[in-house]
Amino acid sequence: SSSSSSSSSFYNSGAHFVWIGTRTKQLDGAHTEYFRGIDNPVGIKVGSDIDPETAVALVKRVDPDNQPGKIVLISRFGADDVHTGLPKLAKAIQREKLHVVWFVDPMHGNTRKTKNGQKTRDFHRIVSEIEQTHTLLKKYDQHLGGIHLELCGEDVTECVGGGATGDMMVSDNDLSKNWKSACDPRLNYGQSIELAYQVSALLAQDSDYSKITANQS
């Protein structure tokens, strides 16, 4: 961290975006204490492993002044659990009038292993969690402000599903064909483009853009 020459603030300048992860978000932990002392926007990953009241306490501890844009809550419940876990959390954030930004991480909550023990992620589950998160947040007068994805511009075979045609569809049996990741499975070029189109269509349903284009046609 370094101090600002024009103020007494301290910033972490070693990353484009810093966050408190699943394993380090204890209220009295060193990671939390460190983030209290910097003025960067701070992400906090939230999912089924944290109850709403603890999440609220963590937000208040890192950002006691409730600054708009200071805290980014990164939802990562998984496609199967987001419909039960996220509403409780969104309701608690709404009740406390906390000015957070909502992101969704549809990657980590949807990781699974194949019969051969290979780690992968299903394209349709990634899309499902994004759509569910977007819809659920709207019910509590909040909106999805960003999406965290792990992807690359190559035709790797790490995530299954997706593909506009059957020839492009990646199955469990295809994973070994072009696996390049040193860690987690990433969306490939085709899957990334397809996801971008699906998210664009989802957002257009609720934006003023659809009204403008309708009036111009």
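For the purpose of classing residues, Ala, Val, Leu, Ile, Met, Phe, Trp, Tyr, Cys and Pro are taken as nonpolar, Asp, Glu, Lys and Arg as charged, and the others, Gly among them, as polar. In these terms, the lining of the largest cavity in the structure, which is a predicted model, comprises 5 nonpolar, 1 polar and 1 charged residues. The residues concerned are V127, I130, E131, L195, Q198, V199 and L202, and the elements that contribute two or more of them are helix 4 (123–138) and helix 5 (189–204). Of the elements, helix 5 gives the most to this lining, with 4 residues. The volume of the largest cavity is about 40 Å³, and the structure holds 1 cavity of 30 Å³ or more.

The open space of the model was examined in the same way. The largest pocket encloses about 250 Å³ of space and is lined by W19, G21, T22, R23, K45, R76, H108, T111, K119, R121 and D184. By class, the lining of this pocket divides into 1 nonpolar, 4 polar and 6 charged residues.

As regards the overall architecture, the chain contains 6 helices and 9 strands, and buried residues account for 41% of its 217 residues. Among contacts in the chain with a separation of 6 or more, 69% are between residues 24 or more positions apart.

In soluble globular proteins, nonpolar side chains tend to be buried together. In the present model, the largest nonpolar core has 40 residues, of which L73 and W102 touch the most other members. At least two residues of this core are supplied by each of strand 3 (18–20), strand 4 (42–46), helix 2 (52–62), strand 5 (71–75), helix 3 (82–95), strand 6 (101–104), helix 4 and helix 5. When neighbours within four places in sequence are left aside, the contacts of L73 are with I44, V46, V59, I93, V100, V101, W102 and F103, so that W102, which shares with L73 the distinction of touching the most other members of the core, is also one of the residues in contact with L73 under the 4.5 Å limit between heavy atoms.

Two further buried positions lie in helices. T32 is placed in helix 1 (residues 30–36) and, because its relative accessible area is 0%, is classed as buried. Apart from neighbours within four places in sequence, T32 is in contact with I20, T24, K25, Q26, L27, L58, R61 and V62. The C-alpha atom of T32 is separated by 9.8 Å from that of I44, a residue 12 positions away along the chain. H134, in turn, is located in helix 4 and counts as buried because its relative accessibility is 8%, a value under the 20% limit. Once neighbours within four places in sequence are left aside, H134 is found in contact with L144, L202, L203 and D206; L202 is also one of the residues that line the largest cavity.

With respect to backbone geometry, most residues other than glycine have a negative phi. A positive value is nevertheless found at N66, where phi is near 55 degrees in a residue other than glycine, and at K97, which has a positive phi of about 55 degrees although it is not a glycine. N66 lies in the loop between helix 2 and strand 5, and K97 in the loop between helix 3 and strand 6. The exposure of each residue was also assessed. N66 counts as partly exposed because its relative accessibility is 22%, whereas K97, with a relative accessible area of 61%, is exposed.

Finally, the cysteines were considered. A disulfide is a covalent bond between the sulfur atoms of two cysteines. A search of the whole structure finds 0 disulfides. In the case of C159, the closest cysteine sulfur is that of C152, and because the two sulfur atoms are 9.1 Å apart, they are too far from each other for a bond, the limit being 2.5 Å. C159 is buried, at 0% relative accessibility, whereas C183 counts as exposed because its relative accessibility is 54%, a value over the 50% limit.

Note on methods
Residues are numbered from 1 along each chain as its sequence is written. This is a predicted model: local features need pLDDT of at least 70, side-chain atom pairs count only at pLDDT 80 or more; totals for chains, interfaces and linings use all residues. Side-chain values use heavy atoms; hydrogens and water are left out. Buried means under 20% relative accessible area, exposed over 50%, partly exposed in between (1.4 Å probe, protein chains only). On a 1 Å grid over the protein atoms alone, a cavity is a set of points where a 1.4 Å probe fits but cannot get out, and a pocket is an open set with protein on both sides within 12 Å along at least five of seven lines; lining residues have an atom within 4 Å of a point. Grid points are joined across faces, edges and corners, and a volume is the space filled by probe spheres set on the points. A nonpolar core is a set of buried Ala, Val, Leu, Ile, Met, Phe, Trp, Tyr and Cys residues joined through side-chain atoms within 4.5 Å.
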